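Grab a coffee and open the viewer. Below are a few short exercises, each with a solution worked through in steps.

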Amino acid sequence: MPNPSLNHNMIRVTKDQFPADFVWGVATSAFQIEGASREDGKGPSIWDEFCQQPGVISDHSNGDVACDHYHRYESDLDLIEAMQVDAYRFSISWPRVRPTGAGAWNEAGLAFYDRLIDGMIKRGIKPYLTLNHWDLPAQLQHQGGWANRDTVFRFVEYAKGIHDRYGDRVVSIATHNEPWVVAVLGHETGIFAPGIKSRAIAAQTSHHLLLSHGMALRELRKDGATCELGIVLNLSPMHAATDSPEDQAKTRLEDGKLLRWYMDPMFKACYPADVWDDLGADSPLIEAGDLDIIATPMDFLGVNYYSRSVVSAKEQWDARKNGKAVSDMGWEIYPEGLTELLVRIHRDYPVPPLFVTENGGAFRDVLEDGKVHDAERTDYIVRHIEAVQAAMQQGVRMGGYMVWSFLDNFEWASGYEKRFGIVHVDYTTQTRTLKDSALWYQQFLQTTSNDRT
Ligand code: FCB
């Protein structure tokens, strides 16, 4: 059967145009795929509790079963292997391995990640581990969560425990996934767990996330870490909707809140003054020495990129209403923004090698006769890989690129309605089907330019 996603026009970029050690991967996170939410001693996370609140998840779903990956990890790893990727970025569920976030560790939970990591190694897949992809143990939230400085120390204990157990088998450990999302969507707008709506708590949360990152890095180094250590941020270029001074000023501040608030402390040991001033009385409490800890050098920086942001002082700018091509999330498809972003980070900060740790799109897939012809997703991925290549041609040091996501999964407040996978999941039967985008990726990873006709 011809595969419409594999038409010649789309295979513009080839793998051999990248360095031989460039890492190609797929990514997921624990809460979004594992399920088994109460099994084998796992404790509840803030997302388990958040999903119980009425109306917060658009399809009223939860992570109880998700993709049932906890039970199907062997066959899922077989699929990853079949795609020929080098690496799998996954996260550990903190409450699965330490149910209340403090005190006793859960051996059954730890053993699951032993099996998962060993399963990757057996198949020649490099494990890229993330410690915190948002599923904080609920018990820690009951004691104030990330707004409580004690949580920083609980996180460092968790990081050390995970590193002791798996550090010699994984290639990389990222401390946090997207601290901006945890702080702002979780604690300021409250559309994500734990659903708090306070700018002051959000600001304090962001500081504690950053502090825990730096402290964990220092401790893991003391423990002799040999794997690469870093963090993953969600970043976008900010463009003003118009040339008006109001739009320009707001754009600069929004750039500060999303990018400089995280990048400046980590790479310049200071918070950006404009954002600090804007926070006024809501600015976080910081202790002497915190900023030096946050600025602990790292081995890689992960960048998650989906779209640019367009900022208007008057209204919420809407890509669709402005005639732009959008994904099913309503996010503008804007690959050139990835080149712009990577070049800017490389120019403005003394960064280690950059990885695109997430990139992909939700589209309305149709499964028919065992096929999903998701040409839009393939095109999205191809164009973003080309955008990475363009950044490298401008001198940016890039270590790898990972597609979000390996599987369709629980897309947070959107539940199961938004499908980001390159592998389709039928949630009734848990059947997996490689979409055309996965077949394209597989072919891309096998193809060298010599094979092209
Ligand atoms: C990112 C998250 C990831 C997924 C994608 C679509 O913000 O890190 O878990 O939800 O967006």
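**Exercise 1: a helix pair**

Helices α9 and α10 cross in a right-handed way. Keep in mind that you're looking at a predicted model. Your task: describe how α9 packs against α10, and find which residues make the contact.

*Solution.*
- Step 1: pick the descriptors. Two packed helices are described by the angle between their axes and the distance between the axes.
- Step 2: get those values. The axes of α9 (residues 199-222) and α10 (residues 245-268) come within 11 Å and cross at roughly 35 degrees.
- Step 3: list the contact. From α9 come S206, L210 and H213, and from α10 come W261, Y262, P265 and M266.
- Step 4: sort that list by class. You end up with five nonpolar residues, two polar ones and no charged ones.

**Exercise 2: the barrel and its strand β7**

Trace the order of strands around the barrel, then work out whether β7 is buried or exposed.

*Solution.*
- Step 1: go around the barrel. It is closed, has eight strands with parallel pairing, and runs β1-β2-β3-β4-β5-β7-β9-β12. On average, neighbouring strands are turned by 25 degrees against each other, direction ignored.
- Step 2: look at the β5 side of β7. Strand β5 (residues 228-234) runs parallel to β7 (residues 300-304), and five bridges join them. Here I231 stands opposite L301, and L233 has V303 as its bridge partner.
- Step 3: now the β9 side. Four bridges hold β7 and β9 together, again parallel, with L354 of β9 as the bridge partner of L301.
- Step 4: split β7 by face. In a regular strand the side chains alternate between the two faces of the sheet. For β7, one side has F300, G302 and N304, the other has L301 and V303, and all of them are buried.
- Step 5: conclude. Five of the five residues of β7 are buried, so the strand is largely enclosed by the rest of the structure.

**Exercise 3: helices on the sheet**

Which strands does α15 lie across?

*Solution.*
- Step 1: find α15 at residues 436-446; this helix lies across β1 and β12.
- Step 2: check its direction, which is about 165 degrees to β1.

**Exercise 4: one histidine**

Is H163 buried or exposed, and what does H163 touch?

*Solution.*
- Step 1: locate H163 in helix α7 (residues 149-166).
- Step 2: compare with the cut-off. Buried means under 20% relative accessible area; H163 has 8%, so H163 is buried.
- Step 3: list the contacts. Leaving out residues up to four places away in sequence, H163 touches I173, L220, D223, A225 and C227.

How values were computed: Residues are numbered from 1 along each chain as its sequence is written. This is a predicted model: local features need pLDDT of at least 70, side-chain atom pairs count only at pLDDT 80 or more; totals for chains, interfaces and linings use all residues. Side-chain values use heavy atoms; hydrogens and water are left out. Two strands pair if DSSP finds at least two bridges between them. Helices (H or I, at least four residues) and strands (E, at least two) are DSSP runs, numbered from the N terminus. Axes are lines fitted to C-alpha atoms, for helices over the stretch in contact, and angles run from 0 to 180 degrees between N-to-C directions. Contact means heavy atoms within 4.5 Å. Buried means under 20% relative accessible area, exposed over 50%, partly exposed in between (1.4 Å probe, protein chains only). A crossing is left-handed if the near helix is turned anticlockwise from the far one by less than a right angle, and right-handed if clockwise. Ala, Val, Leu, Ile, Met, Phe, Trp, Tyr, Cys and Pro count as nonpolar, Asp, Glu, Lys and Arg as charged, and the others, Gly among them, as polar.
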